[in-house]
Amino acid sequence: TCGKWMYFFNDMRFASKICHEAVEKGIVTASKPRDAPEGVCCFYLNGNDLEAHKKTIQFFLDHDLIQRTKNGKLYNISFKFDYQTRAGEYGELFQPEIKLDRFLDLSTGKWKI
């Protein structure tokens, strides 16, 4: 049930700092930036742990890690289970089971649960 919330980045220094902070503060058990081909930080947690999802999403909100659309809504980012990564589910092949709108109203940023 392990998986990750992801943050895509352009600044490796910031990415390393934010990953380190998330682990140091106990937000996630592990986090790492990867710089190729596109910069992505992975924030790992148990996909069945509701509180872990909430902590991680709040960390993303507090650090402005979720982009907004032109009309100001939060992008409906996805959680990806490790078994989906191992199965090669990328791009259009990836069908998320958990998305941000399960937890937050994307227009207001207020918690649903």
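How much space lies in the largest pocket? In this predicted model, the largest pocket holds about 730 Å³ of space, and a walk through the fold shows which elements supply its lining.

The chain contains 3 helices and 5 strands, and, read along the sequence, these elements follow one another in the pattern β-α-β-β-α-β-α-β. For its 113 residues, a compact globule would be expected to have a radius of gyration near 13 Å, and the value computed for the chain, 13 Å, agrees with that expectation. Taken along the principal axes, the box filled by the C-alpha atoms is roughly 30 × 30 × 30 Å.

The strands come together in the sheet. Strands of a sheet pair through backbone hydrogen bonds, in either a parallel or an antiparallel manner. Here the 5 strands form an open sheet whose order is 2-3-1-4-5, with antiparallel pairing. Strand 2, residues 30–34, and strand 5, residues 98–99, stand at the edges with a single partner strand each, and therefore one side of each is left without a neighbour in the sheet. Within this arrangement, strand 1, which covers residues 2–9, runs antiparallel to strand 4, residues 78–81, and is joined to strand 4 by 3 bridges; across this pair, Trp5 stands opposite Phe79 of strand 4.

Two of the helices can be placed against the strands. Helix 1, formed by residues 12–24, lies across strand 1, strand 2 and strand 3, the last of these spanning residues 39–46, and runs at about 175° to strand 2. Helix 2, formed by residues 50–62, lies across strand 1, strand 3, strand 4 and strand 5, and its direction makes an angle of about 150° with strand 3.

With the elements in place, the pocket can be taken up again. About 730 Å³ of space lies in this largest pocket, and of the 29 residues that line the pocket, Met6, Tyr7, Phe8, Glu38 and Val40 are the closest to its centre. At least two lining residues are supplied by each of strand 1, strand 2, strand 3, strand 4 and helix 3, the helix of residues 82–86. Strand 1 gives the largest share of the lining, 5 residues, and this is also the strand that is bridged to strand 4 and crossed by helix 1 and helix 2. Sorted by class, the lining of the largest pocket comprises 16 nonpolar, 5 polar and 8 charged residues.

Definitions and conventions: Residues are numbered from 1 along each chain as its sequence is written. This is a predicted model: local features need pLDDT of at least 70, side-chain atom pairs count only at pLDDT 80 or more; totals for chains, interfaces and linings use all residues. Side-chain values use heavy atoms; hydrogens and water are left out. Two strands pair if DSSP finds at least two bridges between them. Helices (H or I, at least four residues) and strands (E, at least two) are DSSP runs, numbered from the N terminus. Contact means heavy atoms within 4.5 Å. Axes are lines fitted to C-alpha atoms, for helices over the stretch in contact, and angles run from 0 to 180 degrees between N-to-C directions. On a 1 Å grid over the protein atoms alone, a cavity is a set of points where a 1.4 Å probe fits but cannot get out, and a pocket is an open set with protein on both sides within 12 Å along at least five of seven lines; lining residues have an atom within 4 Å of a point. Grid points are joined across faces, edges and corners, and a volume is the space filled by probe spheres set on the points. Ala, Val, Leu, Ile, Met, Phe, Trp, Tyr, Cys and Pro count as nonpolar, Asp, Glu, Lys and Arg as charged, and the others, Gly among them, as polar. The radius of gyration is taken over C-alpha atoms; the globule rule is 2.2 Å times the number of residues to the power 0.38.
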